[in-house]
Amino acid sequence: MSDLDITDAVMAELRAASDIVQVIGEHTRLKKAGRSWKGLCPFHNERTPSFTVDREKGLYHCFGCGAGGDVIHFVRQIDRLDFPEAVEALASRFGVTIPRRASRGPRDDRREKLLEALAAAHRFYQAQLAKPGNKAAAYLKERDVSEELGKRLSLGYAPDSWDALSRALLPAFPESLLVEAGLLQPRQEGKSGSYDRFRDRLLFVLRDERGRPVGFGGRTLSPEGEPKYLNSPESPVFQKKRLLYGLSDARDAMRKHDRAVVVEGYFDHLALVAAGIEETVASMGTALTPEQAGKLRRLAPAVVVCYDGDPAGRAATRGALSHLLAEGFSARVVRLPPGRDPHDVLRVEGPERLAARIEEAPDYLTWLLEDANPQEPGLTSAEKSGRLSSLVEILGVIPDTILRHEECRRLARHSGVPLDLLWDRIKPSGRSGEPATGTRAPGTPQPVPVLSDGGILETERALLSLLVRGESIPLIRETLKDEWLTDESVKRIVAAYRKLDFPSQIPHLSDENDTKVLARADLEEKFEPSPTWPGQVLDRIQKAYLERRVRSINEAITTAKTEGQPEDDLLKELLEIQKEIQRLKPSWKGKALVD
Ligand SMILES: [Zn+2]
């Protein structure tokens, strides 16, 4: 039980105070599109945006997977919080005071307690680093890391002691909690008690996407210390494969520069931040995971990989590229001198040169070709083929067939291997037959969604655009007749809207194609609504219907004439329809729709 007293009034205040675009914008790049904001859905994997956020209504909806709701719902879904936790998180963020019940509930919130303990440990470690004459400070100095940068990255020091942290925290937190947080290590079997996990280490703080400490990565400070780097174990608040070191601080820079720079370790990250490349995240010693790539997908369209130049680093780069290309990223790879990591480059060549190396990074295929070097003189055909196969494997993950073929063509040009031979090997892998919309060639800028009309008349797409904006739904319900519509999808969508209780709701569509049709109409930006616009749309749809009627009656009249049948009734009907068309004309004001 939470001790928060969450009333309807508090909820209304919280919804009004929370900026849904800001909250969601931390998880996916949102772009203003007309009245709403669009982006890639943070809840399912997609390459063309079908996720929309309406700031005024405070609602979000994904046309792809059906996720949707208000800001509280979003926070619950994305951070996997329960209702009171989500309310509390938003309240503290947007300065809304939630009254508390007189007595605290019997069960404490474990997750919140873990985060509190980790934050307290972080403060302790930072204070240790600030003390004069400690080993970590000396180590940082030796590696040319300024005190200011150390503070900015909130580095810490775990003293060379078995119980320094536990003595500091045990009065305030139960031992079992500190063990669960990965701060203390239980003694060997048979012995009770625990000891500090991090001892004599320089600590880097791992944060969740909201910037809260969830764990630490520690570099040993003694020559014989093993392992060299020690990370917190996984816990309810820390999942290694999902976390990118530095993400909460890098997010703004990623949005600003439309790219992310991925490095391997903490010192690589530190070096790039020192060189002013703030959109940097570290995959924490391992090659980028698919989950990490998916996380980045929502923040930046392009990734620059900056791993070590040694064989292990190059292998990790190839691994990272295959996940990045599969996610539809445009990717580049930094050339580092052999045997040097980014921190070495910073110290030897200086920050400007390091930053320049990032900017000069070639696109991934150039790097892969350099890496595999299938044109190396003296190679046998078998060797050449072997070197190409790793490349072929990576290109095979590109989800879009057309792009995959384009990249294959480039590979053919650079490797001297005929395109047909390469394509035969690349073609079968990956998903074939996907449309080309929404994916892009590496090195090209963020695409504007290209919207095909899907074979639906523009007037009917305009109608869908009205529906999805929640505008004029009563007018549409009263005026529109189903027989005016030609497209079956549009008919089903209109029927779904007719059933809604509130215009602001998004109907449930059982046909997947209908969902796509609606999302497409919503993303279509050519329609500029004006007060007269809904009327125009309806008039045009009705007029198109009447004109179809005119054509079929004319055909019937022709048939009647040839067969000697009476045509009076038909002529009368024709006259009525033409009057109806005349009556419609004067209401077309403002910007007319073009068919
Ligand atoms: Zn979705």
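## Close-up views of a predicted chain

**View 1. One side of helix H18 is covered by other parts of the chain.** In H18, the residues Arg404, Glu407, Cys408, Leu411 and Ser415 are buried, where a residue counts as buried if 20 or more other C-beta atoms, placed from the backbone, lie within 10 Å of its own, as exposed if 12 or fewer do, and as partly exposed in between. Because these residues cover an arc of only 105 degrees around the axis, they sit on the same side of H18; the arc is that of the directions from the helix axis to the C-beta atoms. An α-helix has 3.6 residues a turn, so residues three or four places apart point the same way. What covers the buried residues of H18 includes H16, H17 and helix H19 (419-426). Helix H18 runs over residues 401-415, and its 15 residues reach 20 Å from the first C-alpha to the last, close to the 21 Å expected at 1.5 Å a residue, the expected span being 1.5 Å times one less than the number of residues. Just after H18, glycine 416 takes a positive phi of about 75 degrees.

The model is predicted, with local features needing pLDDT of at least 70 and side-chain atom pairs counting only at pLDDT 80 or more, while totals for chains, interfaces and linings use all residues. Residues are numbered from 1 along each chain as its sequence is written. Helices (H or I, at least four residues) and strands (E, at least two) are DSSP runs, numbered from the N terminus.

**View 2. Helix H20 is mostly covered and meets helix H24.** Ten of the eleven residues of H20 (residues 458-468) are buried, among them Arg461, Leu464 and Val468. The axes of H20 and H24 (residues 533-563) come within 9 Å and cross at roughly 145 degrees, with axes being lines fitted to C-alpha atoms, for helices over the stretch in contact, and angles running from 0 to 180 degrees between N-to-C directions. In their contact, Thr459, Glu460, Ala462, Leu463 and Leu466 of H20 meet Pro534, Val537, Arg540, Ile541 and Ala544 of H24, where two residues are in contact if their C-beta atoms, placed from the backbone, lie within 7 Å. Just after H20, glycine 470 takes a positive phi of about 70 degrees.

**View 3. A cis peptide bond lies in the loop between strands S10 and S11.** The peptide bond from glutamate 226 to proline 227 is cis, with omega near -15 degrees, and proline 227 is placed in the loop between strand S10 (213-220) and strand S11 (229-231). Lysine 228 is in this loop as well, and it is exposed because 10 other C-beta atoms lie within 10 Å. Lysine 228 touches Arg219 and Thr220, not counting residues up to four places away in sequence.

**View 4. Two residues that are not glycine take a positive phi.** Most residues other than glycine have a negative phi, and most peptide bonds are trans. Aspartate 200, in the loop between strand S8 (194-196) and strand S9 (201-207), has a positive phi of about 50 degrees. Asparagine 373, in the loop between helix H16 (364-372) and helix H17 (381-395), has a positive phi of about 45 degrees, and it is partly exposed, with 13 other C-beta atoms within 10 Å.
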